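Colleague: Hi! Could you walk me through this one before I head back to the bench?

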Amino acid sequence: MSAAAPAEPTALDLFMGKMLADMGAAMAGATIMMGDRLGLYRAMRELGPTDAQRLAAATGCSARLVGEWLAAQATSGYVTFDPSRGMFSLSPEQAMVFADEDSPVFLAGGYNVVASAWRDEPRIAEGFRSGRGLGWHERDTCLFHGTERFFRPGYRHHLVQEWLPALDGVTAKLERGAEVADVGCGHGASTLIMARAYPKSRFTGFDYHPASVATAREQAAREGLSDRVRFEVASAQDLPAKGFDLACMFDCLHDMGDPAGAARSLRAAVAGDGTLMVVEPRAGNSLAENMNPVGRVYYAASAMICTPASLNQPGQAGLGAQAGPRRISEVIREGGFGQVRVAAETPFNMVIEARA
């Protein structure tokens, strides 16, 4: 066996710097989740420049611990520190990311997804060994809430404003009154956004996870939408209804064990002149095209969440979160759709339209 080549000192220093930065980011992620949970970021936005004592008083926390949290945020660049005054503040950009859930770039909620990867890592590792992955329904509950909170800002700011108008003739149908299916709806964020925008249409959300369906029903009731929005437990491969003018799948097709079977089921459920809209994580068609910060996040999520979920289901397709438009379009065509195109894109998503 040949000896390993010796490390080049400068390259080693650079790589160690990268690893220290990544370790700091991994540790800091927990502080982001805690700051979100305790309302620290939101309080900072309201207070303006502040110190640990004032922030602790505003949030009912320990001043000593809040002081250490502020130091961790400042060294990460997540809050702004003025050493001449000993004060901390949020810039407008930091506030958009951490303190405003209505912001199109709100990311704090996504750290619940990150936490789920750490919490479930031992069981995911066993799924790697066995090949059976780990089912979505078997995951820590923070994954379900985190997924909703990570994707909801994009849905809120793009779905009605850009994605649906990019589809051929769909908004006119929705304005007149259409039947819409949201398959793999989770907590129903996408379903309810569409329902609020199109009061003449009726919406049915389907998901195989009973706890998520229960949460979606509760949210619809709170918003007074239960008269025209309902949520049902059903898998994408076995939908109990047909004749939909529009069927949607938001960030879930790649998680399925049999995505082509899901596409066939959707083809049968959509009316002859109906439309399927598939929203998927944005990606190129190869690893080389996805060597970027968004690809880094999605490949990690795919290894720890999406692909294990797919391998836990019949079919075990394992598309992964970076399957790309070519492979996703092939799967949709396998389901019987003849016209498939990428209709819109954002930094995090691509929107695929499919018709008969």
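Modeller: Happy to; we can go through the annotation, the sheet and a few individual residues, bearing in mind that this is a predicted model.

Colleague: Great. Which residues does the UniProt domain annotation cover?

Modeller: The unreviewed UniProt entry carries the annotation "domain: Methyltransferase" for residues 175–296. Over residues 175–296 the chain is 32% helix and 29% strand, and the C-alpha atoms at the two ends are 39 Å apart.

Colleague: And the sheet, what is the order of its strands?

Modeller: The order is S5-S4-S3-S6-S7-S9-S8, which makes an open sheet of seven strands with mixed pairing.

Colleague: Which strands stand at the edges?

Modeller: Those are S5 (229–233) and S8 (339–345). Each has a single partner strand, so one side of each is left without a neighbour in the sheet. From one strand to the next, the twist averages 20 degrees.

Colleague: How does S3 pair with S6?

Modeller: In the parallel sense, over four bridges, with S6 spanning residues 244–250. Ala 181 stands opposite Ala 247 of S6.

Colleague: Which strands does helix H14 touch?

Modeller: H14, residues 324–334, packs on the sheet and touches S7 (270–281), S8 and S9 (349–355). The directions of H14 and S9 make an angle of about 30 degrees.

Colleague: Back to S3, then. How many bridges join S3 to S4?

Modeller: Five, and the two strands run parallel. Val 183 sits opposite Phe 206 in S4.

Colleague: Is S4 enclosed, and why? What's the reasoning there?

Modeller: Strand S4 covers residues 202–207, and five of its six residues are buried, so the rest of the structure largely encloses the strand.

Colleague: Now Asp 182. Where is the place of that residue?

Modeller: Asp 182 is in strand S3, which runs over residues 179–183.

Colleague: Which side chain of opposite charge is nearest to Asp 182?

Modeller: Arg 196, but that side chain is 11 Å away. Asp 182 is buried and has no salt bridge.

Colleague: What is Asp 182 in contact with, leaving aside its neighbours within four places in sequence?

Modeller: The contacts include Ser 190, Thr 191 and Met 194. Also among them are Thr 204, Gly 205 and Phe 206, along with Cys 248 and Phe 250.

Colleague: Switching topic: is Ala 269 buried or exposed?

Modeller: Buried, because its relative accessible area is 2% and the cut-off for buried is under 20%. Ala 269 belongs to helix H12, residues 259–269.

Colleague: What does Ala 269 touch, not counting residues up to four places away in sequence?

Modeller: Leu 239, Ala 241, Lys 242, Gly 243 and Phe 244.

Colleague: And how are the C-alpha atoms of Ala 269 and Arg 341 separated?

Modeller: By 20 Å, with the two residues 72 apart along the chain.

Colleague: Last bit: what is phi of Asp 251?

Modeller: Phi is near 50 degrees for Asp 251, a positive value in a residue other than glycine. Asp 251 lies in the loop between S6 and H12, and is buried, with a relative accessible area of 9%.

Colleague: What about phi of Gln 316, and where is that residue found?

Modeller: Phi of Gln 316 is near 45 degrees, again positive in a residue other than glycine. Gln 316 is in the loop between helix H13 (293–311) and H14. At 42% relative accessibility, Gln 316 counts as partly exposed.

Note on methods. Residues are numbered from 1 along each chain as its sequence is written. This is a predicted model: local features need pLDDT of at least 70, side-chain atom pairs count only at pLDDT 80 or more; totals for chains, interfaces and linings use all residues. Side-chain values use heavy atoms; hydrogens and water are left out. UniProt positions are given in the numbering used here, feature names are shortened, and annotations may be inferred rather than shown by experiment. Buried means under 20% relative accessible area, exposed over 50%, partly exposed in between (1.4 Å probe, protein chains only). Lys and Arg count as positive and Asp and Glu as negative; His and the chain ends are not counted. A salt bridge is a side-chain nitrogen of Lys or Arg within 4 Å of a carboxyl oxygen of Asp or Glu. Contact means heavy atoms within 4.5 Å. Two strands pair if DSSP finds at least two bridges between them. Axes are lines fitted to C-alpha atoms, for helices over the stretch in contact, and angles run from 0 to 180 degrees between N-to-C directions.
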